[in-house]
Amino acid sequence: MNARNTYCLTVWLMLLATIWAKAQPLRLTLEEVVQMAREQSIAARQAATLQKTNYWKYRSFLADYKPQLSLNGSLPSFTRSFIQVQQPDGTIAFQPVSNNNSLLNLELSQNIPLTGGAIYVQHQLQRFDNFMARNTLYNGIPFAIGLSQPLFRFNPMKWERRIEPLRYAESNGQYVEALEQVALDATGLYFDLLVAQVNLQIAETNRANNDTLFTIAGHKLELGKISRNDLLQLQLSVLNARKDLASARQTAEVASLKLRAFLNLQGNEALRSFDLAIPAQISTFPVDIQQALNQAFANRSDAIAFGRRLLEAERDIEKARKENGLNAVLNADFGLTNRGARPVDVYQRPQDRQFVELRFTMPIMTWGRAKARTETAEANGQLTIQTVEQAKRTFEQQLYTQVTLLDMLRQQVKLTAEADQIAQNRYQIAQERFKLSDLTVTDLGIAIQDKDRARRDAILALRDYWQSYYTLRLLTLYDFERNQKIEGKRE
């Protein structure tokens, strides 16, 4: 076999493999679809990206309260121009200047959350070049320690250290909730397609059965065992079955496209059809309402947000009170300084350097502005307390309803499964009786309707149960089946 034939054979084998892969349906269970959605859906990736952003925001917040080392300055700072100089007689003269004034400053600073101030250690060196006089001077601060301390003022750092950890914990809860929401959405799309596939199977079975029954009815008409009206009724059933089959195919295709897009399938998997399994069993784990409430308030981002919002309300009240009175800032530093013609002169026998400054602002007449701001903050605080309390009660009611609903739906699944089995058996008996001329067309039609309705009700009951199951997980962020808190993977 030459190289050309080998190449052609390889291409044909690859083409056949691709066609075969596309032709094979993608067989999936509900658990597999949920896991795929959590791992590769766009919604899950967005949640992971947002959680990563919140993580680095929190890291940035923590870094603000650690020592900061910085180097700043101006190098070079060259000037060549004319400047105005006032003469002894009061006149102005414009003198030429040509110099370079460079500065380097190395500083180590540390915020003080307890007081809202900052302390720093400083080292500075300055060089001045006078190109007109052709001389160079150095000035510097070999060492200085300073303090900047607000007095009688609102301290934002104290509140940030209480609020930001809650905000970060809230974002972690939101990430886990987002993954559970993905699971809930995937469950809805799974059952949308499953219901469509079951309807398609029902439509295909009904079309085939109606064709067979119509053929049998034609022979029975010739034998005088049924009326022409019964034959026309069966013929109408055949036409309706074909119409229902076309509609069911369209609905199943649309549902398949929605699930495929949500799962973000790529490559050959994006071209394969779905073959979804009907969940055969449901878990019978107990759910205690008090445990559900405890887990919800311990894990949910909403519950964490309740505490954060109350703290923010307290912060705003304190801010309004303290910023409406005496505000002062104490700036002080102590160190060593010197000057000279050489850099080394700065460090030889340096002199003391002190600086103390107290800046203050005292409102005297504000026409009630201070009181209005304080009253507004306190009113907003009361509104926040009331809003949070109402949200807590609404959340408790929602959770209680979901727990009781899950128990009811578990029983509903069992009952509809039994009804489905009975309806299927009854239809088989009715079909045989019709073939033996022992059943009317009307009774056969009723048996078909009951069979189809029972099968749909069984699937819909499963859908309602699993959506309720994942909703309870979403509301509590707790897995009652395994008795453990739901944790999201960290990026």
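These notebook entries follow helix H7 and the two helices I looked up against it, in a model that is predicted.

**Entry 1: H7 itself.** I began with helix H7, which runs over residues 301-322. H7 has 22 residues and spans 31 Å from its first C-alpha to its last, close to the 32 Å expected at 1.5 Å a residue. I then listed its buried residues, which include Ser 301, Ala 303, Ile 304, Ala 305 and Phe 306 as well as the charged residues Arg 308, Glu 312 and Glu 318.

**Entry 2: H6 against H7.** I looked up helix H6, residues 289-299, and found that H6 and H7 pack at an angle of about 60 degrees, with their axes 5 Å apart. The two helices are therefore oblique to each other. On the H6 side the contact is made by Ala 296, Phe 297 and Asn 299, and on the H7 side by Ser 301, Ala 303, Ile 304 and Phe 306. Sorting these residues by class, I noted five nonpolar, two polar and no charged.

**Entry 3: H8 against H7.** I turned next to helix H8, residues 369-435, whose axis lies 8 Å from that of H7 at an angle of about 170 degrees. An angle over 145 degrees counts as roughly antiparallel, which is why I entered H7 as roughly antiparallel to H8. The H7 residues in this contact include Phe 306, Arg 309, Leu 310, Ala 313 and Asp 316, and they meet a set in H8 that includes Arg 373, Glu 378, Gly 381, Ile 385 and Lys 392. By class, I recorded nine nonpolar, four polar and six charged residues for the contact of H7 with H8.

**Entry 4: a shared residue.** Phe 306 is buried, and I found it listed both in the contact with H6 and in the contact with H8.

Note on methods:
Residues are numbered from 1 along each chain as its sequence is written. This is a predicted model: local features need pLDDT of at least 70, side-chain atom pairs count only at pLDDT 80 or more; totals for chains, interfaces and linings use all residues. Side-chain values use heavy atoms; hydrogens and water are left out. Axes are lines fitted to C-alpha atoms, for helices over the stretch in contact, and angles run from 0 to 180 degrees between N-to-C directions. Helices (H or I, at least four residues) and strands (E, at least two) are DSSP runs, numbered from the N terminus. Angles under 35 degrees count as roughly parallel, over 145 as roughly antiparallel, 65 to 115 as roughly perpendicular and the rest as oblique. Contact means heavy atoms within 4.5 Å. The expected span of a helix is 1.5 Å times one less than its number of residues. Buried means under 20% relative accessible area, exposed over 50%, partly exposed in between (1.4 Å probe, protein chains only).
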